[in-house]
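The following questions and answers address burial, contacts, the ligand shell and strand pairing. Please consult the sequence and structure shown here alongside them.

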Amino acid sequence: SNQDAEVTLLDYGAGNVRSVRNAIHLMGFQIKDVNKPEDIENANRLILPGVGSFAAAMAKLEEKCFFLTQVKKVVTLKKPSKILAGVKRNHVYFVHSYRAVPLVENEDWVLATTVYGEEFLAAVSKGNVYATQFHPEKSGVVGLDIVRRFLDGGRSCEAEEISRVAETSSMRSGSTLAKRVIACLDVRSNDMGDLVVTKGDQYDVREQSGDQEVRNLGKPVDLASRYYEDGADEVTFLNITGFRDSPLGDIPMLEVLRSTSKRVFVPLTVGGGIRDFKDKDGRYYSSLEVASEYFRSGADKISIGTDAVYAAEEYLKTGKKTGTSSLEQISSVYGKQAVIVSVDPRRIYIKGPNDVPFKTIKVQTTGPNDEEYAWYQCMVKGGREGRPIGAFELAKAVEDLGAGEILLNCIDCDGQGNGYDLDLIKLVSEAVTIPVIASSGAGSIHHFSEVFLQTPASAALAAGIFHRKEVPIMSVKEHMMKAGIETRI
Ligand code: 1PR
């Protein structure tokens, strides 16, 4: 019947619900949106996406008069264990800033636990209500399998698999955090006005000969899908001319996100141009509006570059959080986990460790004038302008202001293929407790094991090596596994 293929979705307007919708559609189900409380009571199956910051989500729910307690009655699933049977030894995607721990009181609810510092709940069920702390719709084929099992009431689950469930939950509890491999697509309009994936050498994306066109390495949606199928843990789009164009005028980028999220079921990040701005007609857009539009179009996280540098400078100068910066606002509404700060540092050599008021390092190879020290200056506007702030100081400040991750590029290493800047990654990792994504310079599979074995980086991002098809993502993963680095295969 129609009801059989229908899923009721309670979309309270926080975070990326589009990917949940896309996962449901992919499984062949139709979505009925909740418009009034009775829609919940009449639902055959109800999905309540758990994205965003809890306080903001609750405020929305209360404003719309939907109460969470109504949910319990309506979900119609029978055997809790069927849902997770496909997880086995695979990794699923967790992103959260709170956790619930197993207690005697919730013993009979617990389906699976995992460990990060301590043991906490990964999935629970009670009666016909299921909840996962992780995002199935962002956990690749393994996660889509969970969605399918939930939607079809476990019918697709073989009896033989059910017996493995106990094993699954105990293995989950022994799991560790996988190091992530992220494919990055620098996107901009070429001289014909088409949105293309490009790639620079030290941020210069134009050909060195001929009419010096913007390098074109392919179409954003196609490349992103290829990387997902190849095993990328995440995909990042950086709109590299966002600092001068208004991103909301940039409809193609929103379309890229919408189309990509239909095909890519791992976390999607988008960056470039996230700031307050006025368009040519004088209409004002807040950075929060810009970010909301990106989330609605399928992004899970947004990345802020230039505007975060200004916010950090201001914060260091006054020692006060204003709450008005794009970073602070987006983080408080959508949660820290949804906000990345992208840093564009370049190495500046100096003679002595105290020559600048920024944290310096002793370099392995001396500079052009035999300098033994260096600091990393933060650049804005796509590497065009240097600011009076170091990468160490910036990272510390933006963590305070609500960043959930640091995407650490390096202008000197970008596109060179000589490996990541390990000194820089160690320096910034010392400054913060949030995850650091190493970026710029990957040129071989060994560079990935090197960065994970020699620095605390949580993820390694690369662009050129994948675009030029030098190394498939799978080979990187296999190499990491052989090197004893935990990875999601
Ligand atoms: O400042 O908030 O509008 O954001 C702009 C964003 O665009 C920033 O995240 C900035 O890093 C990025 N960006 C701006 N200009 C460029 C450029 O290349 N001309 N790209 C640019 C940054 C660096 C990485 C690259 C890695 C890996 N590119 O994205 O993918 O270096 O490359 P590799 O593996 O080939 O070495 P805002």
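Q: What percentage of the 489 residues of the protein chain count as buried?
A: This is a predicted model, in which local features need pLDDT of at least 70, side-chain atom pairs count only at pLDDT 80 or more, and totals for chains, interfaces and linings use all residues. Residues are numbered from 1 along each chain as its sequence is written. A residue is buried if 20 or more other C-beta atoms, placed from the backbone, lie within 10 Å of its own. Of the 489 residues of the chain, the buried share is 47%.

Q: Which elements give two or more residues to the shell around the ligand?
A: The ligand is surrounded by 34 residues (C-beta atom, placed from the backbone, within 6 Å of it), the closest being Gly305, Thr306, Ser342, Gly382 and Gly464. Helices (H or I, at least four residues) and strands (E, at least two) are DSSP runs, numbered from the N terminus. The elements that give two or more residues are strand 7 (180-189), strand 13 (301-304), helix 10 (306-318) and helix 15 (464-467).

Q: Which strands are the edge strands of the open sheet with the order 2-1-3?
A: Two strands pair if DSSP finds at least two bridges between them. The sheet has three strands with parallel pairing, and two bridges join strand 1 (residues 6-9) to strand 3. Pairing on one side only, the edge strands are strand 2 (30-33) and strand 3 (46-47).

Q: Which residue in strand 3 is the bridge partner of Leu9?
A: Strand 1 and strand 3 run parallel. In strand 3, the bridge partner of Leu9 is Ile47.

Key: Buried ≥ 20, exposed ≤ 12 C-beta atoms within 10 Å, placed from the backbone.
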